[in-house]
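Please open the model in your viewer and keep the sequence beside it, so that each selection can be followed by number. The tour goes from one stop to the next, with a short look at what is found at each.

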Amino acid sequence: MLIRSLSGEPEPDTRYGVTSIMLCQIWTGQIRFDQWQMGHPRGDPGVEGPPGEQGPQGDAGLPGPVGVRGLPGIAGSTGTPGQKGEKGDIGLQGTPGKEGQKGEEGPEGECNCHDGLNGIDGQDGPPGSKGDQGSPGAPGEDGQKGELGEQGFPGPCSPAIQSAFSALLDNVYPMPGSPVAFTRVLYNMQGNYNPDMGIYTAPINGTYVFSYSVVAFSRLLKVGMFLNFRPVIKSTEPTDLATASQLVVLHLSMGDRVWIQVKDTFTNGMYASSESSSSFSGFLLHPDSCDLFQGVSEEDVLRFIRQD
């Protein structure tokens with residue numbers, strides 16, 4: 001095989017000599033390595049050579065970012081006490097202390113003395129405070145009788161007539177359409193209340209006061225006070241063990257009748273027990289006139305009041 005030298009002339013293939021020449025030409029830059037490879041195909045890679053020696057140390061890099069602040073360190077031990085400082089200025093005066101206890105009484109001194117001459121009289125002192133009131137004196141003589149005064153207004157009459165009653169309920173859920181009989185009598189001195197019928201009869205013309213207080217239980221309660229079959233006042237109570245109560249002032253004529261009555265069988269929930277009471281009461285406040293009983297004895301008045 002012939003190769004050409006740099007001068008262009010062919011030269012015999014001397015293998016290693018030519019190769020050495022070509023490598024020198026590549027090293028010196030006379031020919032390019034790819035020109036040389038055209039006539040020489042690349043062989044298999046050689047065995048990896050040993051690592052080269054460590055190169056010189058590079059330049060120092062740039063400073064890194066500031067790290068996170070670390071935890072506080074453990075407190076150090078207490079240092080030795082410093083030297084004593086100079087004496088300070090005098091402070092402000094303190095507050096006075098509490099008064100001390102009284103000391104023991106000293107021995108009585110000797111007195112070699114005598115009374116001196118009387119001094120000059122002093123000035124009068126201020127008046128003293130007022131003394132206590134003295135005891136009453138003896139009664140004086142009776143004075144002369146005064147003139148007759150004017151006649152006063154007539155005073156209220158005070159007749160002997162009285163009338164009052166109070167009674168309690170014994171039977172629960174009374175029948176409707178008729179007076180409720182409050183049979184347990186608490187007071188009925190004049191006998192104007194009939195406990196069997198539950199009716200009070202006015203003994204005389206006058207002003208009267210009546211009241212009732214009744215307990216509802218288990219049923220609706222509708223109750224009213226009646227005067228001669230006319231309702232005067234009414235109450236409705238739907239709550240168990242609640243109380244319906246009323247008080248009323250009426251003018252009655254002699255013989256008028258007053259009683260308590262429920263509406264019907266569905267609303268007659270009137271109740272009484274050992275712990276709950278239902279009551280009916282009334283009394284004469286005052287009569288219309290006292291002239292009716294002038295010159296009449298008290299026994300006759302009572303007999304008149306009690307007559308039916």
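Which residue forms a salt bridge with arginine 184, and how far apart are the closest N and O atoms? Select arginine 184 and aspartate 170 together: these two form the salt bridge, and their closest N and O atoms are 2.8 Å apart. Arginine 184 belongs to strand E4, residues 184-187, while aspartate 170 sits in the loop between strand E3 (164-168) and E4, so the pair ties together parts that are 14 residues apart in sequence. Arginine 184 has a relative accessibility of 44% and counts as partly exposed, and aspartate 170, at 37%, is partly exposed too. Please keep in mind that this is a predicted model, and that the count of salt bridges in it comes to one.

Now show the whole chain as a cartoon. The protein chain contains three helices and twelve strands, and 24% of its 308 residues count as buried. Its exposed area is about 25800 Å², of which carbon and sulfur atoms supply 52%. If one takes the contacts between residues at least 6 apart in sequence, 66% of them join residues that are at least 24 apart.

For the interior, select Phe182, Phe210, Met270 and Phe280, which are the residues with the most contacts inside the largest nonpolar core, a group of 30 residues. Colouring the strands helps here, since E3, E7, strand E9 (242-252), strand E10 (257-262) and strand E12 (279-287) each supply at least two residues of this core. Which of the strands gives the most to this core? That is E7, with nine residues.

Return to strand E4 and select tyrosine 187, which lies in that strand and is partly exposed, with a relative accessible area of 35%. Adding Leu186 and Met189 to the selection completes a nonpolar patch on the surface, where the three residues together have about 330 Å² of accessible area.

A little further along the sequence, select asparagine 192, whose place is in the loop between E4 and strand E5 (193-194). Is asparagine 192 buried or exposed? With a relative accessible area of 7%, asparagine 192 is buried. Add serine 163 to the view, and a polar contact of 2.5 Å can be drawn between the side chains of asparagine 192 and serine 163.

The next stop is alanine 181, found in the loop between E3 and E4 and counted as partly exposed at 23% relative accessibility. Leaving aside neighbours within four places in sequence, the residues in contact with alanine 181 are Leu169, Tyr193, Pro195, Asp196, Met197 and Gly198. For one of these, a distance can be drawn between C-alpha atoms: alanine 181 and proline 195 are 14 residues apart along the chain, and their C-alpha atoms are separated by 6.0 Å.

Finally, select phenylalanine 229, which lies in the loop between strand E7 (206-227) and strand E8 (230-237). Phenylalanine 229 counts as exposed, at 70% relative accessibility. Draw a line from its C-alpha atom to that of tryptophan 259, a residue 30 positions away along the chain, and the separation is 8.9 Å.

Key: Residues are numbered from 1 along each chain as its sequence is written. This is a predicted model: local features need pLDDT of at least 70, side-chain atom pairs count only at pLDDT 80 or more; totals for chains, interfaces and linings use all residues. Side-chain values use heavy atoms; hydrogens and water are left out. A salt bridge is a side-chain nitrogen of Lys or Arg within 4 Å of a carboxyl oxygen of Asp or Glu. Helices (H or I, at least four residues) and strands (E, at least two) are DSSP runs, numbered from the N terminus. Buried means under 20% relative accessible area, exposed over 50%, partly exposed in between (1.4 Å probe, protein chains only). Contact means heavy atoms within 4.5 Å. Accessible areas come from the Shrake-Rupley method with a 1.4 Å probe; for residues, only the protein chains shown count as cover. Patches are made of residues with over 30% relative accessible area and no salt bridge: like charges are joined within 9 Å, nonpolar side chains (Val, Leu, Ile, Met, Phe, Trp, Tyr) within 5 Å. A nonpolar core is a set of buried Ala, Val, Leu, Ile, Met, Phe, Trp, Tyr and Cys residues joined through side-chain atoms within 4.5 Å. A polar contact is a pair of N or O atoms within 3.5 Å; within protein, one must be able to donate a hydrogen and the other to accept it, and residues adjacent in sequence count only if both atoms are side-chain atoms.
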